[in-house]
Amino acid sequence: MPKSSPSRPTAQPARQRRKEARPQELLAAALEFFVEKGFAATRAEEVAARAGVSKGTLYLYYPSKEELFKAVVRESLAVHIAEGHEVVAQHRGSVADLLRFVMTEWWRRVGQGAAGGICKIMIAEARNFPELAQFYVDEVIAPSHRLLGSVLQRGMDSGEFRQLPLAETVQVLIAPVLQQTLFLSAFGACHLLPPWPEPMAVLEVQMDLMLEGLLQRPPPV
């Protein structure tokens with residue numbers, strides 16, 4: 001009796017693969033429009049058309065423009081902050097190296113890409129959409145502050161960093177990076193900036209200055 005040939009894994013139908021990829025396609029199209037036009041001016045039908053689906057299909061996944069925007073924020077920003085918390089929890093060794101890594105990775109993954117434009121949107125439109133502003137605070141701003149605060153606190157507790165006011169030091173860390181993000185998203189997109197330093201080089205200078213102020217120095221002999 002002939003042996004039966006081993007069964008091959010059934011290929012996933014193209015339509016099913018397309019359906020599973022659709023949320024990511026919608027979020028990518030939405031991110032482009034939100035960054036380009038802002039929240040208020042973006043229309044759901046534009047996003048749907050760019051993703052190659054109908055407006056009704058868009059609403060099957062995201063029932064409103066507000067829910068679509070929230071999904072974009074979670075996918076583009078909140079997920080990276082959550083990953084940062086995991087990195088911090090698992091790190092062993094120099095806290096200075098950890099802080100430099102967290103700041104550099106944020107810029108590489110968020111600040112230099114389209115997702116950085118979401119910061120500009122929220123600053124510009126927060127007063128007109130307070131519910132979305134509160135969502136952004138809960139999902140992005142507060143977790144970011146907790147992330148950086150936990151790194152700083154670890155350095156202070158271990159004696160690697162000197163004692164400094166935590167909330168104020170977090171603000172000093174965030175402000176230059178946020179400024180770079182806003183300027184590049186606004187003026188850089190219009191090609192209006194004068195010759196501008198490479199943002200990563202600016203971040204390196206910022207970290208050198210910050211760590212010079214943070215690191216605990218032995219008392220003079």
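Modeller: A helix is a DSSP run of H or I with at least four residues, and helices are numbered from the N terminus. The model before us is predicted.

Biologist: How many helices and how many strands does the protein have?

Modeller: There are nine helices and zero strands. Read from the N terminus on, the elements follow the order α-α-α-α-α-α-α-α-α.

Biologist: What share of the residues of the protein counts as buried?

Modeller: A residue is called buried because its relative accessible area is under 20%. In this protein of 221 residues, 36% count as buried. As for contacts between residues at least 6 apart in sequence, 73% of them join residues at least 24 apart.

Biologist: Which residues of the largest nonpolar core touch the most other members?

Modeller: That core has 33 residues, and those touching the most other members are Phe34, Leu68, Phe69, Val73, Leu77, Ile118 and Tyr136. Two or more residues each come from α1 (14-37), α2 (44-51), α4 (65-90), α6 (117-125) and α7 (130-158). Another core lies apart from this one; it has 22 residues, including Val88, Leu99, Val102 and Leu173.

Biologist: With which residues is Val73 in contact, leaving aside its neighbours within four places in sequence?

Modeller: Val73 is in contact with Ala78, Ile118, Phe135, Tyr136 and Val140.

Biologist: I should now like to read the aromatic rings. How many aromatic pairs are there?

Modeller: The distance of the centres and the angle of the planes describe a pair of aromatic rings. Here the count is five aromatic pairs. In one of them, Phe39 and Phe129, the centres are 4.8 Å apart and the planes stand at 80 degrees, so this pair is edge-to-face. Phe39 belongs to the loop between α1 and α2, and Phe129 to the loop between α6 and α7; the pair therefore ties together parts that are 90 residues apart in sequence.

Biologist: Are Phe39 and Phe129 buried or exposed?

Modeller: Phe39 counts as buried, because its relative accessibility is 3%. Phe129 has a relative accessible area of 25%, so it is partly exposed. A further pair, Tyr61 with Tyr62, is tilted, with 6.5 Å centre to centre and 40 degrees between the planes. Tyr61 is partly exposed at 26% relative accessibility, whereas Tyr62 is buried at 11%.

Biologist: Which residues do ring pairs link into a cluster?

Modeller: The cluster consists of Phe34, Phe39, Phe69 and Phe129. Phe39 also has Lys65 over its face, at 4.6 Å from the ring centre. Similarly, Arg50 lies over the face of Phe33, at 4.0 Å from the ring centre.

Biologist: Let us turn to empty space. Which residues lie nearest the centre of the largest pocket?

Modeller: Rolling a probe the size of a water molecule over the atoms shows where empty space is left. The largest pocket holds about 670 Å³ of space. Its lining has 27 residues, and those nearest its centre are Ile81, Trp106, Val140, Ser144 and Ile174. At least two lining residues come from each of α4, α5 (95-111), α6, α7 and α8 (166-186). With seven residues, α7 gives the most to this lining.

Biologist: Which helix gives the most to the lining of the largest cavity?

Modeller: It is α9, with four residues. There is one cavity of 30 Å³ or more, and the largest cavity contains about 60 Å³ of space. Its lining is made up of Trp107, Pro176, Val177, Gln180, Pro199, Val202, Leu203 and Gln206. At least two of the lining residues are supplied by α8, and at least two by α9 (199-214).

Note on methods. Residues numbered from 1 in each chain as written. Predicted model: local features only at pLDDT ≥ 70, side-chain atom pairs only at ≥ 80, totals over all residues. Heavy atoms only, no water. Core = buried A, V, L, I, M, F, W, Y, C linked by side-chain atoms within 4.5 Å. Buried < 20%, exposed > 50% of the residue type's maximum accessible area, 1.4 Å probe, protein only. Contact = heavy atoms within 4.5 Å. Phe/Tyr/Trp six-rings, centres within 6.5 Å; stacked < 30°, edge-to-face > 60°. Lys NZ or Arg CZ within 6 Å of the ring centre and 35° of its normal. 1 Å grid on protein atoms, 1.4 Å probe; cavity = no way out; pocket = protein on both sides within 12 Å on 5 of 7 lines; lining within 4 Å. Points joined across faces, edges and corners; volume = space filled by probe spheres on them.
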